[in-house]
Structures are given as C-alpha cells and as structure tokens.
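Here's a set of exercises to work through with the model open beside you. Try each task on your own before you read the solution.

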Amino acid sequence: MKNISRTRLAWLHFRVSALNELQYRANFWLQLAQSAVWLTSGLVVLALVFSRTDEIKGWTRPELLAVVGVFTLMGGVIRAFIQPAMQRLLTDIREGTLDFALTRPADAQVLVSVREMRIWQTLDILIGAGVLTVAVVQLDESVGLGDALAFAALLLAGSVMIYCCWLIISTGAFWLVRMENVQELFDGVYRAGQYPITIYPGWLRAGLTFVIPLGFAITAPSQAITSRLDAGTVVVCAVTASALVVSSRAFWRVGVRHYAGASA
Amino acid sequence: MRCFFVARSAATSPPASRWFDRGEPVADVGRAPMSSTAEAWPVESRWRSLLATYRTLARTQVLSQFQYRAANYFYMVGMVAEPIVYLVVWSTIARQQGGSVDGYTAGNFAAYYITWTLVRNMNIVFTPFGWEDRIRTGELSGWMLRPAHPIHYDLASFMGWKFVVIVLWLPIAAVLTLLFRPELQTSVLQVAVFAVAIWGAYLIRSLVLWVLGMVTFWTTRVAALYETYFVAELLLSGRLVPMDLLPGWAQGLAWAFPFRWTFGFPITALVGPISNGELLVGLVMQAAWTAVAAFVVRIVWRRGVRRYGAVGG
C-alpha cells in the first residue's frame with residue numbers, strides 16, 4: 001500500500017471529522033452557550049478585581065484581559081485538536097482497540113493524534129482572538145511587529161508543548177490502564193492559566209511551568225503581546241518545546257512496545 | 001457495578017458545561033438488590049423501611065466508591081485548582097492593599113476557599129444532563145416499579161458517596177492548610193451549623209437539579225437552560241467570591257435564588273464573619289428552600305411521568 005504523507009493524513013482526518021460534526025448544527029448553539037458561560041465568569045472576576053485595585057503584580061486590566069484572550073484561544077485549540085484524540089487514545093488503550101490503529105501502514109503517533117477533532121470547539125479560538133483584539137486595542141503601548149511575531153511563535157510552541165504533555169500523560173495509560181479521569185485533572189489545572197503564572201506562589205509556578213507547561217503556553221504569549229517579554233523566555237521556550245517533542249516521542253515508542261493489545 | 005464516572009462519549013451525551021457539572025458522577029443507583037415484596041408496606045413501618053433503604057444504598061456506595069479511590073482523587077484534585085486561582089488572586093490583592101479587601105485578609109480568604117473545596121463537593125449531585133440518558137434508555141421504567149419515590153435512590157446513594165468524599169477531602173484540606181495558612185476563628189455553634197448546613201446544601205441542590213433534569217420529560221433541548229442556570233449559580237452563590245464582595249445589587253438579587261444557601265452560607269457559617277441571627281436565618285432559608293423544592297419535585301414528577309413512554313429498562 002502506498003504511504004501517504006503525514007500532513008495529508010492529518011488533513012483527511014480533519015475533513016472527515018468536520019463533515020461529520022457539521023451535521024449537528026444544534027451543537028453550535030450549545031458550544032456558544034458554553035463559551036459564553038466561561039467567558040462571563042472570567043470577565044466577572046476581572047471586573048470584581050478591578051473594582052478594588054488597578055493592577056495585580058504589575059498586570060493592568062487590559063493586560064489581564066489579553067491573558068484571558070490567550071487562555072480562551074488556547075483552550076479552544078486544546079479542546080478542538082488535542083484532547084479529543086488523546087481521550088480516544090486512552091479509551092483504545094483501555095479497551096484494547098488500539099490494535100486497529102497500530103496495524104495501519106502509517107506513523108502510529110501521527111495517526112492517534114489526528115483521529116478525533118471537535119470542530120465546534122474552534123469557536124473558542126475565534127472568541128479568544130476577539131477578546132485578545134479588544135485587549136490589544138485598550139493597551140497603552142502599541143504592539144510592535146517583533147512582539148506580534150514572538151506572540152505567534154510562542155503560541156505555536158505552546159500548543160506543541162501542550163500536545164506533548166498530553167501525549168506523555170496518555171502514554172502513561174499503557175501502564176496504568178484506567179486514566180479516563182485524568183482529563184478532569186487537566187481541565188482543573190488548566191483553569192489556573194487564566195491568570196499570568198507570575199502571580200502564583202513559587203511551588204505552583206514551577207508546577208505550571210514544568211509539569212503542565214501553562215506558563216509557556218499561555219503566560220509567555222501574553223507577555224509577548226503586552227511587550228513584557230525578554231529574550232531569555234523565548235530561548236527557554238524553544239529549548240523546552242524541542243525537548244518535549246523528542247522525549248514524548250521516545251516515551252510513546254516505549255509505551256507502544258509495552259502495549260499488550262486486545263488479543264493478549 | 002458500572003463505573004461511576006460516565007465516560008464522555010461526545011455522540012450521546014452533550015458535553016455539559018466545562019467545569020461545573022461536566023463528568024459529574026452519575027449514580028448507578030438502585031442496582032443494589034432491593035426488596036420487591038414491599039408493595040404492602042404498612043404505613044407505620046414505611047419510614048423505617050425507607051431508612052433501611054437509605055442505609056443500604058449509602059453503604060453500598062461507600063464500599064463501591066472506596067474501590068475507585070484513585071479516580072475520586074483525580075476528580076477532587078482537579079477541582080481544587082479553581083478555588084486556588086480565586087484564592088491567589090484575592091489574597092494577592094489583599095496584600096497589595098495593605099492587608100485586607102473589604103475586611104477579608106489573605107488568611108480569611110484561605111479559610112474561605114479551603115472550606116469551599118468541601119462545600120463544592122457536597123454540591124455535586126446527579127447532573128440534569130443525565131436525565132436524557134435515563135429517559136432515552138428506559139432506565140426510568142424500572143425505577144417506577146420500586147416501592148419508594150425514585151428520588152430517594154438518588155439521595156441515598158449520593159449521600160453514601162459524600163461520606164467517602166468527606167474522608168478523602170481531609171488530607172487535601174490538610175495540604176492546603178499547610179500551603180496557604182488560613183486564619184480561622186470559629187465557635188462550636190458555627191461548627192455545628194456548618195455540619196448541618198452542608199447537608200442542607202446537598203439536599204437543596206439535589207432537589208433543584210432534579211426539577212431541572214425532569215424538564216427533559218418535555219423537551220430534550222435543555223442545554224441552554226442548564227447553562228443559564230449554572231452561570232447564574234456561579235455568579236450568585238458565593239463560589240467566585242464571598243457574597244460580601246459582590247456589588248450591593250447582586251447581593252440583593254441573590255435573595256431570590258437558592259444558590260447562596262447551598263454554597264456561600266455553609267462556608268460563611270464556618271469561617272464567618274456571621275452573627276447568630278444570620279446563622280438562624282440561613283438554616284431557616286435552607287429548610288424553606290428544601291420544602292419548596294421537594295414540593296416542586298413531587299408535582300413535576302407526577303406530571304412528567306404521565307408524559308413518559310418508554311420500553312423496559
């Protein structure tokens with residue numbers, strides 16, 4: 001059988017998922033309602049906070065609004081493109097049905113990462129971008145081209161890191177088997193990202209940087225767009241992202257080798 | 001027994017709101033062997049039988065939930081992130097403002113949000129999103145053959161689960177206490193009221209969400225209704241911030257809803273500031289809301305069942 005390229009494989013899966021989900025138009029409204037709830041609660045807390053103070057640890061209102069924007073946008077990316085596939089992977093490992101993916105003539109890691117997508121969740125990406133735009137307009141300083149480029153690069157690196165992090169978590173299921181509730185854990189921890197991690201105490205900041213890389217995925221892009229980024233962060237971010245890509249792939253391979261399958 | 005946490009298959013169950021009620025455990029109630037000879041319960045022993053039912057179901061849940069300790073812990077630890085965010089934000093502001101915001105010091109916020117974690121767990125009951133499944137799969141048909149009102153089966157099994165939650169919560173509270181140094185000045189009376197109020201909160205929220213769930217008898221397009229309900233609850237319950245920190249009009253508005261009695265009141269009952277009069281008002285309001293909600297459950301259930309037609313379950 002002819003091998004198709006990885007990008008083409010991802011695109012085909014994306015198309016099928018999209019077509020499948022577009023049949024269920026009502027889900028759009030459900031998604032809209034959910035996004036509204038999320039955003040409202042975030043904005044209400046911000047409003048309450050700024051009715052009493054002008055800044056938290058050096059972050060002003062429009063700057064924190066930018067963080068909420070990035071948080072929403074990244075949340076959309078995760079729930080549309082990362083979590084569904086990982087959730088399916090966890091189920092497949094538990095039930096032994098991963099065999100059907102592993103026996104296909106394609107890179108198994110790519111295949112399990114693109115199999116499931118939730119197209120309606122991309123609404124959060126748009127909403128996040130909208131919030132971000134409003135925030136940027138309110139910022140005192142205008143955003144330079146360098147800032148914008150760094151922002152885009154860090155956003156991409158951040159998504160890659162979250163993906164790797166999820167892949168490592170899911171690969172753990174090869175040994176632990178029952179991990180379906182790990183998503184609750186991730187969702188809970190993810191909420192901490194709606195504020196810059198610099199406001200948290202040291203132990204939590206370390207955890208949110210190196211265990212679940214929200215510091216890189218949300219705070220760093222927000223720092224870029226609010227012109228408070230230093231070059232060091234970009235370098236650390238790039239190094240961490242590359243290290244995660246390599247190590248998560250290595251870990252995945254070890255996991256697959258460990259996998260007993262349904263017929264074992 | 002089926003796994004307690006319902007797998008989220010996107011095709012069948014709507015993804016409930018992301019962080020309030022999604023994936024909340026859906027009780028696999030009443031699978032415990034029940035006496036089926038109870039149709040001839042004499043009136044005087046009905047209460048005693050009901051009590052026995054509660055005891056059996058609760059005990060079954062305690063045993064079964066301790067089997068899923070790890071799953072329960074994932075769930076509870078994930079939930080702790082939310083109050084930590086609020087706690088860090090507000091204690092940071094308190095420190096920036098020279099020690100306190102509206103009379104709350106960093107230590108007071110810590111006490112509030114650590115108690116929050118227990119009250120939040122007490123607030124988790126059968127999700128209204130689960131009703132679609134109950135009706136669609138015909139699960140309810142089996143329920144109707146049982147000798148007591150079906151709500152008792154939900155109440156009893158979730159109650160059993162709550163005992164497990166309280167035990168599992170203690171170490172979490174200990175760790176949070178070490179990390180965030182709460183200042184807690186309370187009294188024996190306050191502790192006693194708190195111990196009652198968390199169960200009052202559990203009861204009210206169970207009943208109200210049952211009513212919401214039963215809307216599914218009439219229509220399955222309920223997601224928007226539930227989302228609206230949950231956001232109103234989030235804003236007016238004391239979950240985001242202590243009620244005292246809400247603007248005056250919001251505090252006034254909160255009197256029209258049961259939310260604050262299921263969330264803010266139990267917390268404040270323990271950590272204060274609260275007067276004995278307010279403690280009494282809180283308990284009375286809880287009792288009143290319980291009575292109202294129980295009445296509405298009764299009415300809606302009767303009418304709903306008439307609308308219900310399904311194959312066996």
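Keep in mind throughout that this is a predicted model.

**Exercise 1. A buried pair in chain A**

Task: Take Asp124(A) and Arg79(A) and work out whether they are buried or exposed, then find what their side chains form.

Solution:
- Step 1. Start with burial: Asp124(A) is buried, and Arg79(A) is buried too.
- Step 2. Now look at the contact. The two side chains meet in a salt bridge, at 2.8 Å from N to O.
- Step 3. Place the partners. Asp124(A) sits in helix 6 (residues 122-138) of chain A and Arg79(A) in helix 3 (residues 61-95) of chain A, so this pair ties together parts 45 residues apart in sequence.

**Exercise 2. Two pairs in chain B**

Task: Find the salt-bridge partner of Asp154(B) and that of Glu233(B), and say which helices they join.

Solution:
- Step 1. Asp154(B) pairs with Arg134(B) in a salt bridge, and their closest N and O atoms are 2.8 Å apart.
- Step 2. This pair links distant parts of the chain, with Asp154(B) in helix 6 (residues 151-180) of chain B and Arg134(B) in helix 4 (residues 130-136) of chain B, 20 residues apart.
- Step 3. Check burial: Asp154(B) and Arg134(B) are both buried.
- Step 4. Glu233(B) has Arg205(B) as its salt-bridge partner, with 2.8 Å between the closest N and O atoms.
- Step 5. Glu233(B) belongs to helix 8 (residues 223-236) of chain B and Arg205(B) to helix 7 (residues 188-214) of chain B, so the pair ties together parts that are 28 residues apart in sequence.
- Step 6. Glu233(B) and Arg205(B) are both buried.

**Exercise 3. Counting and networks**

Task: How many salt bridges does the structure hold over all chains, and which residues are linked in a network of them?

Solution:
- Step 1. The count over all chains is 14 salt bridges.
- Step 2. For a network, go to chain A: salt bridges link Arg88(A), Asp92(A), Arg115(A), Glu116(A) and Arg118(A).

**Exercise 4. Cysteines without a bond**

Task: Find how many disulfides there are over all chains, then explain why Cys237(A) has no bond to Cys164(A).

Solution:
- Step 1. Searching the whole structure turns up 0 disulfides over all chains.
- Step 2. Try Cys165(A): it is in no disulfide, and the nearest cysteine sulfur, in Cys164(A), lies 8.6 Å away.
- Step 3. The cut-off you need is 2.5 Å between cysteine sulfur atoms.
- Step 4. Next, Cys237(A). Its sulfur is 12 Å from the closest cysteine sulfur, which belongs to Cys164(A), and that's too far for a bond.
- Step 5. Add the surroundings: Cys165(A) is buried at a relative accessible area of 6%, and Cys237(A) is buried at 1%.

**Exercise 5. Backbone oddities**

Task: Which peptide bond is cis, and where do Lys57(A) and Asp102(B) lie?

Solution:
- Step 1. The bond from Gly272(B) to Pro273(B) is cis, its omega being near -5°.
- Step 2. Pro273(B) is in the loop between helix 11 (264-271) and helix 12 of chain B.
- Step 3. Lys57(A) isn't a glycine, yet its phi is positive, at about 45°.
- Step 4. Lys57(A) lies in the loop between strand 1 (55-56) and strand 2 (59-60) of chain A, and is partly exposed at 46% relative accessibility.
- Step 5. Asp102(B), also a residue other than glycine, has a positive phi near 45°.
- Step 6. Asp102(B) is in the loop between strand 1 (100-101) and strand 2 (104-105) of chain B, and counts as partly exposed at 47% relative accessibility.

**Exercise 6. Chain B and its helix 12**

Task: Count the helices and strands of chain B, then find which residues form the positive patch and the nonpolar patch on the surface.

Solution:
- Step 1. Chain B has 12 helices and 2 strands, in the order α-α-β-β-α-α-α-α-α-α-α-α-α-α from the N terminus.
- Step 2. Of its 313 residues, 55% count as buried.
- Step 3. Arg46(B), Arg298(B), Arg302(B), Arg303(B) and Arg306(B) make up the surface patch of positive charge.
- Step 4. Helix 12 (residues 276-307) of chain B supplies the largest share of that patch, 4 residues.
- Step 5. Arg298(B) is in this helix and is partly exposed, at a relative accessible area of 46%.
- Step 6. The nonpolar surface patch consists of Val292(B), Phe295(B), Val296(B) and Ile299(B), with about 330 Å² of accessible area together.
- Step 7. Val292(B) is also found in helix 12 of chain B, and is partly exposed with a relative accessible area of 44%.

Key:
Residues numbered from 1 in each chain as written. Chains lettered and ligands numbered in written order. Predicted model: local features only at pLDDT ≥ 70, side-chain atom pairs only at ≥ 80, totals over all residues. Heavy atoms only, no water. Patch = residues over 30% accessible without salt bridge, like charges linked within 9 Å, V, L, I, M, F, W, Y side chains within 5 Å. Areas by Shrake-Rupley, 256 points an atom, 1.4 Å probe, with all protein chains shown as cover. Salt bridge = Lys/Arg side-chain N within 4 Å of Asp/Glu carboxyl O. Lys, Arg positive; Asp, Glu negative; His and termini not counted. Charge placed at Lys NZ, Arg CZ, Asp CG, Glu CD. Buried < 20%, exposed > 50% of the residue type's maximum accessible area, 1.4 Å probe, protein only.
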